[in-house]
Amino acid sequence: MKTIIVYYSLEGNTEFLVKALAENIGAETLMLEPIKAQKTKGFSKFVWGGYQAVMKKKPDLKPYDFKASDYDRIIFASPVWAGTFAPPLRTFFEREDLIAKKVAFFFTHEGGKGKTKEHFEEILADNHILGALDLITGKTDKEENMKKLLHWASQLKG
Ligand SMILES: Cc1cc2nc3c(=O)[nH]c(=O)nc-3n(C[C@H](O)[C@H](O)[C@H](O)COP(=O)(O)O)c2cc1C
């Protein structure tokens with residue numbers, strides 16, 4: 001089974017987990033990279049990023065190679081931004097017409113996951129959702145999250 005993990009990560013929490021999972025299950029990865037530079041320092045990143053997420057912005061992405069038909073399964077991963085998934089995924093979902101694919105998703109947050117699960121479910125409604133997982137970063141040990149994630153992935157049917 002050929003799997004790809006399509007993800008975004010601003011500060012590395014999600015990426016750390018994506019890399020561990022990819023290695024564990026032998027998946028390819030695709031990191032979505034906005035063209036416009038990210039504000040990664042200080043409080044302004046929350047204002048800027050939160051605004052992007054709430055306004056459902058779709059930032060332009062650097063070119064990438066992806067053809068849904070190349071994969072049996074697609075796993076999405078994102079940090080939670082203002083109670084939803086991060087804007088680069090919104091660009092991807094708009095651009096790629098995903099229908100009848102086997103999909104799963106996980107997301108990282110600091111305790112305020114908001115409607116992220118529901119928003120993923122809504123946008124992936126035309127697909128077969130195999131599973132969803134959220135992981136709390138910051139307070140929870142990285143290795144513990146990794147174990148939870150690998151266990152979750154091993155239980156995905158299909
Ligand atoms: C712009 C922005 C908005 C965020 N909004 C939330 C939020 O609504 N709820 C929450 O629990 N964490 C929120 N966070 C924290 C991140 O979801 C969390 O630290 C995540 O693990 C970061 O993943 P990353 O390191 O892969 O970027 C936010 C972080 C940023 C930068």
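This section describes the strands, core, helices, ligand shell and selected loop residues of a predicted model.

Strand β3 (73-81) is a convenient starting point. Eight of its nine residues are buried, so β3 is largely enclosed by the rest of the structure. Three strands pair with β3. Strand β1 (3-7) runs parallel to β3 and is joined to it by five bridges. Within this pairing, Thr3 is matched with Arg73 of β3, and Ile5 with Ile75. Strand β5 (102-109) also pairs with β3 in the parallel sense, over seven bridges. Here Phe76 has Phe105 as its bridge partner in β5. The pairing with β4 (84-85) is antiparallel and consists of two bridges. In that pairing, Val80 is partnered by Phe85 of β4. The hairpin of β3 and β4 has two residues between the strands, and Ala82 there takes a positive phi near 50°.

Strand β1 is also enclosed. Five of its five residues are buried, so β1 is largely surrounded by the rest of the structure. Both of its faces are covered. Thr3, Ile5 and Tyr7 are buried on one side, and Ile4 and Val6 on the other. Besides β3, β1 pairs with β2 (residues 28-31), again in the parallel sense, over four bridges. The partner of Val6 in β2 is Leu30.

The largest nonpolar core contains 31 residues. Those with the most contacts inside it are Ile5, Val6, Tyr7, Phe76, Ala77 and Phe105. Two or more core residues come from each of β1, α1, β3, α3, β5, β6 and α5 (142-155). Strand β3 gives the largest share, six residues. In soluble globular proteins, nonpolar side chains tend to be buried together. Phe76 illustrates the contacts made from β3. Leaving out residues up to four places away in sequence, Phe76 touches Val6, Tyr7, Leu89, Val103, Phe105 and Phe120.

Two of these contacts lead to the helices. Leu89 is one of the buried residues of α3 (residues 87-95). The others are Pro87, Pro88, Arg90 and Phe92. The cover over the buried residues of α3 includes β1, α2, β3 and β4. Phe120 belongs to α4 (residues 116-123), where the buried residues are Thr116, His119 and Phe120. These three span an arc of only 100° around the axis, so they lie on the same side of α4. Among the elements that cover them are β3, β4, β5 and β6 (128-136).

The ligand is surrounded by 23 residues. Ser9, Asn13, Thr14, Gly49 and Pro79 are the closest. By class, the shell comprises six nonpolar, 13 polar and four charged residues. At least two shell residues come from each of α1 (13-25), α2 (44-54), β3 and β5. Helix α2 gives the most, with four residues.

The loop between α2 and β3 holds both Lys56 and Lys57. Lys56 is exposed because 11 other C-beta atoms lie within 10 Å. Its phi is positive, about 55°, although Lys56 is not a glycine. Lys57 counts as partly exposed because it has 14 C-beta neighbours inside 10 Å. Apart from its neighbours within four places in sequence, Lys57 is in contact with Gln52 and Pro87. Pro87 is itself among the buried residues of α3. Between Lys57 and Phe120 the separation is 63 residues in sequence and 15 Å in space, C-alpha to C-alpha.

A further positive phi occurs at Ala100, near 55°. Ala100 lies in the loop between α3 and β5. It is exposed because 9 other C-beta atoms are found within 10 Å. Most residues other than glycine have a negative phi.

Terms used. Residues numbered from 1 in each chain as written. Predicted model: local features only at pLDDT ≥ 70, side-chain atom pairs only at ≥ 80, totals over all residues. Near = placed C-beta within 6 Å. Nonpolar A, V, L, I, M, F, W, Y, C, P; charged D, E, K, R; others polar. Buried ≥ 20, exposed ≤ 12 C-beta atoms within 10 Å, placed from the backbone. Arc of directions from axis to C-beta. Contact = placed C-beta atoms within 7 Å. Core = buried A, V, L, I, M, F, W, Y, C linked by C-beta atoms within 7 Å. Pairing = 2+ DSSP bridges.
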